[in-house]
Each structure stands twice: as C-alpha cells, then as structure tokens.
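User: I would like to go through this structure with you step by step, beginning with its surface. Could you take my questions in turn and reason towards each answer?

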Protein chains: 4
Amino acid sequence: MFRARRQIRFADVDPAGIVFYPRYFEMINATVEDWFEHIGYGFADMIRRDGYGVPLATIEVDFKRPSELDDWLDFTLDVKALGSSSIQVDITARCGEEIRLIARPVLVFVKTEATRPVRIPDALREKIEHYQRGQA
Amino acid sequence: MFRARRQIRFADVDPAGIVFYPRYFEMINATVEDWFEHIGYGFADMIRRDGYGVPLATIEVDFKRPSELDDWLDFTLDVKALGSSSIQVDITARCGEEIRLIARPVLVFVKTEATRPVRIPDALREKIEHYQRGQA
Amino acid sequence: MFRARRQIRFADVDPAGIVFYPRYFEMINATVEDWFEHIGYGFADMIRRDGYGVPLATIEVDFKRPSELDDWLDFTLDVKALGSSSIQVDITARCGEEIRLIARPVLVFVKTEATRPVRIPDALREKIEHYQRGQA
Amino acid sequence: MFRARRQIRFADVDPAGIVFYPRYFEMINATVEDWFEHIGYGFADMIRRDGYGVPLATIEVDFKRPSELDDWLDFTLDVKALGSSSIQVDITARCGEEIRLIARPVLVFVKTEATRPVRIPDALREKIEHYQRGQA
C-alpha cells in the first residue's frame, strides 16, 4: 500500500503548538499528488501536459488527535470507489500506531478549461484499478 | 448575520486557475476567527491571554462551484448547535447569489496546555447564544 | 500614495507569537497585486488574459520590528526605478507610526510561456509613470 | 556540507506554472530548521523547550532561474559570520548544477518572550563553529 511520510515542521504549527488545520489539507493534497505519481500519472503530466485537474467535490475529515512539531506522520491512501468521473479515497494519517486523522475526499476528474467532470481516461482507470487490486 | 468578505488573490489560485482548496480552509479558519472577534472574544484574548483554543473535531465541506482569481466571496456563519464544549457551525461562501461551498466544522473548546475539551466559559456561551438568537 | 491595510491573523503567526516571515512575503506579493489593480492593470488581465508575469529578480528585506496577532499593518509602495523590463519598488509596512519592515523587490516583466524578460508594454509604462508622478 | 532536498509540488506553483516566491521562503525557513536539527539543536528544543527564537533581521535573495512543478532542488547552507547574537548564512538552491536562488538571511537569536537579541548560548555556538570548521 502507498504510504507518504511527512514531518511536522515549524511552518505547520500554530501559536497553540499544534498543527494549524489548513496545513493538514496541504498534506492531504500532497498525499493525493504523491499517490498519482506512484501509480504512474503525476501532476506534471496530468495537469500541465494533458490539461486535466482533480478538484474536490466533497471532503469529510475526522481529527482524532492533535499533532505537534517534529512528529512524523504516515499518510496512507485507500481507493474506496471509482466512478465514471469521480474517485473516492480514504486518507489516514498515523503517528506510530496512533491515528491522527481520517480524511474522505471525493475527487472529480475535470478538463481544466471547462471545470466540468469528464470521463476518467481508460489508461488512468487501469492504473487506479491496478492499485485497488493490490490494496488488500 | 455575520458576513466576512474576501477577494480571491493570486496566492489562492492553482496552476489550473481556480482556488487551491487548502486555501479555502485558511478562509474558513479566518471566518471563524473574524466571527469570534465579532461576538466579542477575539483570538488574541482567547488564545494568547486566556490559553484556550478551538481546534476542529470534524469538518465536512461541499464544494459546489469553483472560484477564480479576483472573485469576491461572502462568508456567512450560522451556529447550528452549542454543546458543553463544542460548537457546530455552518459556513457558506457565496459569489453574488451563487453558493461556492458549504463547510460544517465542529469546533472543540480546549485548554491549550492540555488539548482536552473543557466547558465553554459562561461569558462566551452568552455571547454565542446572543448571536444565535439574532440569526433568524 | 497607494496604501493597503492588512490585519495580522492567526494563520500568519508562529508558535513564538509573531509573524512567521514567509507570510510577510505573501503580504508583500499581495501589496504588489493590489497596486497593479490600483493603477489599472490587475493580475486577472495581466496574467490570465495577456499571459504576462512579474516574477522577482531580487528582493532585500529589512525586518525592523516584529508584528503580533491582530496588529493592523499599512503597506505603501514607492516606484524607485522603471527599466525597460524591470520595476524596482520600495514597500514599507507600518503599524501606526512604527516601521515594521522595508522590502525592496525588483520585478521583471516576462511572457509566461517564455519566462524571459520582455519590454514593458507602453500602456502599462504610462500607468506606472502616472503613479510615479503622483508619488511626491 | 548540509544539504536538504525538496521537490516542487503543486502547492508551490503559481498560475504561471513556476514557484510562487513566498513558497521559496517556506523552503528557506525549512532549510534553516533542518540545519539546526542537523547540528543538534532542533526547533522543538530551541523554541518550545528553551524559549528561544531565530527571527530574521534582514534577507537578500537573488532569484537566478525559475523552478517548475516536480523539479528537485538541493538546498545547501554556509555559515558566513557568527556574531554574539546573530548568524549570517548563505543558502543556495540548485536543480542539478543550475543555481536557482541564493538567499542571504541574517538570523538573530532572541528570547521569545522579549523579542530582543540575546547572546547565543555557548553550547549552540560550539555546534555552529563545529559546522563552520567542517564547511571547507
């Protein structure tokens, strides 16, 4: 299973000494970005070369425990559902065994000039399905 | 009703030309911050002087339509439920009449040295209830 | 003279309680963005419609005094030199009478597909010169 | 010599497709943070435990060439001068052999409750001097 490791840095931490939550969404976004690269369709190709984008339709996040400066978090990504133009994933961040957050974004595949959902291209669909099969 | 107006700036926009969603969470956070100031308990008092914090327990966001550079968004805040140590609000961002997003965060009132929920102080509870009564 | 007013918010402040300096550069960038809009050539036109950009060649910043949560800062902009493809400005941030920082960026006018300097268009040059004449 | 490697991600890139310069300052700050950890005095100890901070007095940056999505940058740090309460460093970012930027920050050692310069503690001074001796 895909795993991205990130350390909480000074820039991520608020005056109360814990992660400022908008920074978690940068980490969630970076996890999605790293995952697309991992399955073989990085953002440089997807967005800059091919003119696609993957904005969010919805997201739900459950913040289980706060994270502090220098904590190392492991982000994992599970594909939950693959629609004709949407991809629903679960992203879990753990510090050691402790779950820090679970995020459930629904990504929509769009042509960036139109910002309307388009069918996920077959070549990408196969990459995602390949990852899904390896999940278990 | 409380309303915060923000313009989408260059820093908020991704290479696809629309708001990079982690930036929406900074706007959502700033809306909460401005609202606390509006009801008379700003973050300088709450966090720096009194040692409280309002991290999120959960958040759900429904992204209805993308926003572009220079769009002016109006953020409104509705108190949906006031628990003994939690505050559930709805934040809606509109551009003109068009709804761009609806966010449903649940804030938890904590003592920052403990990061455990504490009872919302009566003085703050009264300010929030006062705002709630004026909502309709 | 052009002046942009900004309040220091929770997102701008580090665990030590003062502005995290990378956030100052967002404010400096936003001041430049607001100034271009002020003189009649906003980024939506310049960047998105016309395909220009204004990256920095160099910047020098003198941080005079720290800024804290809720401080209101006034950013002013002085055009110091207008070259064939570069614009040198002084940006000063004050809280009341107290100078907090002075930034001296040199902007380069580029075609974004080429990222090489191009001659500043005459229509823009006139707007900047018009602003310069009004500076004193 | 200390070297920190970072990849340019989607969050760092502006609508023109190159790094949005305020993000470079986060990378510069993170390089300083990683370097302090490297020499044995990380920010968790320095800032959170011991109550020190290292805000900037000044910074000069020379942006040599733009960076793009997915570029890998190597940040190196050279100690140029070590005063009684200030540390002057050169930070260079390269992509392969190509220099992308040179930043020259002057850090000031402060007690965070006072935000006034204090003498760099001897134990830290020795760590920095040790690093300096190994630079060549």
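User: What share of the area that chain A exposes do carbon and sulfur atoms supply?

Analyst: This is a predicted model, and every value here is computed from it. In that model chain A exposes about 5700 Å². Of this exposed area, the part supplied by carbon and sulfur atoms is 44%.

User: How many residues does chain A have, and what percentage of them is buried?

Analyst: A residue counts as buried when its relative accessible area is under 20%. Chain A has 136 residues, and the portion of them that is buried comes to 59%.

User: In what order do the elements of chain A follow one another from the N terminus?

Analyst: Chain A has three helices and eight strands to place in order. Its radius of gyration is 15 Å, close to the 14 Å that the globule rule gives for 136 residues, so chain A is as compact as a globular protein of that length. Read from the N terminus, the elements run β-α-α-β-β-β-β-β-β-β-α.

User: What percentage of the contacts in chain A with a separation of 6 or more joins residues 24 or more positions apart?

Analyst: A contact here means heavy atoms within 4.5 Å. When the contacts of chain A with a separation of 6 or more are considered, the portion that comes from residues 24 or more positions apart is 65%.

User: How far apart are the centres of the positive and negative side chains of chain A?

Analyst: Chain A carries 19 positive side chains and 22 negative ones, and each set has its own centre. The distance between these two centres is 3 Å.

User: Is Met1(C) buried or exposed, and which residue 134 positions away in sequence is 5.8 Å from it?

Analyst: Met1(C) lies in the segment before β1 (3-7) of chain C, and because its relative accessible area is 52%, over the 50% cut-off, Met1(C) is exposed. Leaving aside residues up to four places away in sequence, Met1(C) touches Thr76(C), Leu77(C), Asp78(C), Tyr131(C) and Gln135(C). The residue that is 134 residues away in sequence, yet 5.8 Å away in space from C-alpha to C-alpha, is Gln135(C).

User: Which residue of chain A comes closest to the rotation axis that relates chain A to chain B?

Analyst: A rotation of 180°, with 0.0 Å of shift along its axis, superposes chain A on chain B with an RMSD of 0.0 Å. The two copies are therefore related as by a two-fold rotation axis. The same surface serves both copies, since 100% of the contact residues of chain A recur in chain B. With its C-alpha at 2.1 Å, the residue of chain A that comes closest to the axis is Glu60(A).

Terms used. Residues are numbered from 1 along each chain as its sequence is written. Chains are lettered from A and ligands numbered from 1 in the order in which they are written. This is a predicted model: local features need pLDDT of at least 70, side-chain atom pairs count only at pLDDT 80 or more; totals for chains, interfaces and linings use all residues. Side-chain values use heavy atoms; hydrogens and water are left out. Helices (H or I, at least four residues) and strands (E, at least two) are DSSP runs, numbered from the N terminus. The radius of gyration is taken over C-alpha atoms; the globule rule is 2.2 Å times the number of residues to the power 0.38. Buried means under 20% relative accessible area, exposed over 50%, partly exposed in between (1.4 Å probe, protein chains only). Accessible areas come from the Shrake-Rupley method with a 1.4 Å probe; for residues, only the protein chains shown count as cover. Lys and Arg count as positive and Asp and Glu as negative; His and the chain ends are not counted. The place of a charge is taken as NZ of Lys, CZ of Arg, CG of Asp or CD of Glu. Copies are superposed by least squares on the C-alpha atoms of residues with pLDDT of at least 70 in both.
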